Amino acid sequence: MYKAETRGISVTVMPRFVEEESSPGESRYFFAYTVEIVNNGTEQVQLRSRHWRIIDGHGACQEVRGAGVVGKQPVLEPGESFSYTSGCPLNTPDGLMAGSYTMATVAGESFEAEIPAFSLDSPHVRRSLH
């Protein structure tokens, strides 16, 4: 589990490798991740957009930006949470993801809530110790 908190917005991520959606022989590795966003602050916020950096096992970086998450732009009152699960295909058996959510307050102020960096690891990774 990976966790970050920004201005009272807690973001927790639990990634997992999805064997049944992967084809290692074809360099296709699929990872799912569940995100929980909790408003520990004192004001209502809305998740407006997301920004991901996806880095494969070779160091190639892909950036993804878009409105909301899983087609939603949830509004969170203080104490409320929102969870969702999404996925990420890679052509390497491991990688990293990190990013941020653009949150907006009722007053119209926007800020970036950090998504913690988390590793995508499959059992197909060949590691060597030196």
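These exercises work through the strands, pairings and selected residues of a predicted model.

**Exercise 1. Describe the overall build of the protein: which elements occur, and what is the span of the C-alpha trace?**

Step 1. Count the elements. The protein has nine strands and zero helices.

Step 2. Read them in sequence order. The pattern is β-β-β-β-β-β-β-β-β.

Step 3. Take the extent. The C-alpha trace spans about 50 × 30 × 25 Å along its principal axes.

Step 4. Look at burial and surface. Of the 130 residues, 44% are buried. The exposed area is about 7,200 Å², and carbon and sulfur atoms supply 47% of it.

Step 5. Check how far along the chain the contacts reach. Among contacts with a separation of 6 or more, 64% join residues 24 or more positions apart.

Step 6. Place the charges. There are 11 positive and 16 negative charges, and their mean positions lie 2 Å apart.

**Exercise 2. Work out the open sheet that contains strand 1: what is the strand order, and which strands are at the edges?**

Step 1. Write down the order. Four strands form this open sheet as 1-2-3-7, with antiparallel pairing.

Step 2. Find the edges. Strand 1 (2-6) and strand 7 (81-90) each pair on one side only.

Step 3. Add the twist. Neighbouring strands of the sheet are turned by 20° against each other on average, direction ignored.

Step 4. Zoom in on one pair. Strand 1 and strand 2 (residues 9-17) run antiparallel and are joined by five bridges. To fix the register, use Lys3: its bridge partner in strand 2 is Thr12.

**Exercise 3. Trace the pairings of strand 4 and strand 8: how many bridges join each pair of strands?**

Step 1. Start with strand 4 (residues 45-56). Seven bridges link it to strand 5 (residues 61-67), in antiparallel fashion. Trp52 stands opposite Val64 of strand 5.

Step 2. Inspect the turn. The hairpin of strand 4 and strand 5 has four residues between the strands, and Gly59 takes a positive phi near 90° there.

Step 3. Go from strand 4 to strand 8. Eleven bridges join these antiparallel strands. In this pair, His51 faces Ser100 of strand 8.

Step 4. Go on to strand 9. Strand 8 is joined to strand 9 by ten bridges, again antiparallel. Here Thr102 stands opposite Glu112 in strand 9.

Step 5. Inspect this second turn. Strand 8 and strand 9 form a hairpin with four residues between them, and Gly108 in the turn has a positive phi of about 95°.

Step 6. Ask how covered strand 8 is. In strand 8 (residues 94-105), eleven of the twelve residues are buried.

**Exercise 4. Set Tyr33 beside Ala117: is each one buried, exposed or partly exposed?**

Step 1. Locate both. Tyr33 lies in strand 3 (residues 29-39). Ala117 lies in strand 9 (residues 110-121).

Step 2. Apply the cut-off. Buried means under 20% relative accessible area. Tyr33 has 5% relative accessibility, so Tyr33 counts as buried. Ala117 has 49%, so Ala117 counts as partly exposed.

Step 3. List the contacts of Tyr33. Beyond four places in sequence, Tyr33 touches residues including Val13, Met14, Pro15, Trp52, Tyr84, Cys88, Met97 and Phe118.

Step 4. List those of Ala117. With neighbours within four places set aside, Ala117 is in contact with Tyr2, Met97 and Ala98.

Step 5. Compare chain and space. Tyr33 and Met14 are 19 residues apart in sequence, with C-alpha atoms 5.5 Å apart. Ala117 and Met97 are 20 residues apart along the chain, and their C-alpha atoms are separated by 5.5 Å.

**Exercise 5. Examine the backbone of Arg7 and Ser27: what is phi at each residue, and where does each residue sit?**

Step 1. Take Arg7. Its phi is positive, about 50°, although Arg7 is not a glycine. Arg7 is found in the loop between strand 1 and strand 2.

Step 2. Take Ser27. Its phi is near 55°, also a positive value in a residue other than glycine. Ser27 is found in the loop between strand 2 and strand 3.

Step 3. Classify exposure. Arg7 has 44% relative accessibility and therefore counts as partly exposed. Ser27 is partly exposed, with a relative accessible area of 39%.

Terms used
Residues are numbered from 1 along each chain as its sequence is written. This is a predicted model: local features need pLDDT of at least 70, side-chain atom pairs count only at pLDDT 80 or more; totals for chains, interfaces and linings use all residues. Side-chain values use heavy atoms; hydrogens and water are left out. Two strands pair if DSSP finds at least two bridges between them. Helices (H or I, at least four residues) and strands (E, at least two) are DSSP runs, numbered from the N terminus. Axes are lines fitted to C-alpha atoms, for helices over the stretch in contact, and angles run from 0 to 180 degrees between N-to-C directions. Buried means under 20% relative accessible area, exposed over 50%, partly exposed in between (1.4 Å probe, protein chains only). Contact means heavy atoms within 4.5 Å. Accessible areas come from the Shrake-Rupley method with a 1.4 Å probe; for residues, only the protein chains shown count as cover. Lys and Arg count as positive and Asp and Glu as negative; His and the chain ends are not counted. The place of a charge is taken as NZ of Lys, CZ of Arg, CG of Asp or CD of Glu.
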